[in-house]
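Thank you all for coming; please have a look at the structure on the screen, and then I will walk you through a few of its residues.

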Amino acid sequence: MFVIYVIFPAYLGGIIDTISPTYNTEQYLGRPDQIHVYGGTTRTISFDFKVAAMTKQEIPIIQEKMNYLVGLGYPHYKGFFEGDMEKRPVTPYIYLTIGDLFNLTPGYFDNISCTIEEGAVWEIDDGLQIPQVWNVSVNFVYIGKRLPHSLTKH
């Protein structure tokens, strides 16, 4: 396993932490109402940020980081044992850190959106012709480090 840190010098926008419990219903003979049985919980963290290249020298660095971020929406391919010639897709799990709010939190992105605003400034030199400002929105599916229950630290 290898670790790659992708640190964005960015302007952080809104952060939305959504916890979505699911319940299954059961109907018992002789009982007129339904019984609600806890089925599980999905937690997602949505946030947006703005990445800007302040100088021409920063453009290739920002371009590489944005390329890597978009790549986190696609699987890695690897064999599962020595000599395995068949490569299989593997989820690109990540460890998200946003200050001390989320610190090396395991999960994956299930949505990555990059928006270039109308009227954005583009560099015009060959090989650097990308926008200088990117608006990025991501949806992170929280896996967590410990067994979740109602009285744990969230």
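Let us begin with Glu123, which lies in the loop between β6, residues 102-115, and β7, residues 133-142, and please keep in mind that what we are looking at is a predicted model. Is Glu123 buried or exposed? Its relative accessibility is 12%, and because buried means under 20%, Glu123 counts as buried. If we leave out residues up to four places away in sequence, Glu123 touches Lys56, Ile59, Leu128, Gln129, Ile130 and Gln132.

Now let us turn to the aromatic rings, where the count comes to five aromatic pairs. One of them is formed by Tyr23 and Tyr38, whose rings meet edge-to-face, with 5.8 Å from centre to centre and 75 degrees between the planes. This pair links distant parts of the chain, since Tyr23 belongs to strand β1, residues 10-26, while Tyr38 belongs to strand β2, residues 35-52, and the two are 15 residues apart.

Another pair is made by Phe47 and Phe49, and here the arrangement is stacked, with the centres 6.0 Å apart and an angle of 25 degrees between the planes. Both of these residues, Phe47 and Phe49, are buried, and ring pairs join them with Phe8 into a cluster.

Finally, which residue has its charged end over the ring of Tyr142? That residue is Arg43, and its charged end sits 4.3 Å from the centre of the Tyr142 ring.

Definitions and conventions:
Residues are numbered from 1 along each chain as its sequence is written. This is a predicted model: local features need pLDDT of at least 70, side-chain atom pairs count only at pLDDT 80 or more; totals for chains, interfaces and linings use all residues. Side-chain values use heavy atoms; hydrogens and water are left out. Helices (H or I, at least four residues) and strands (E, at least two) are DSSP runs, numbered from the N terminus. Buried means under 20% relative accessible area, exposed over 50%, partly exposed in between (1.4 Å probe, protein chains only). Contact means heavy atoms within 4.5 Å. Rings of Phe, Tyr and Trp (its six-membered ring) pair if their centres lie within 6.5 Å; planes under 30 degrees apart count as stacked, over 60 as edge-to-face and the rest as tilted. A charge sits over a ring if NZ of Lys or CZ of Arg is within 6 Å of the ring centre and within 35 degrees of the ring normal.
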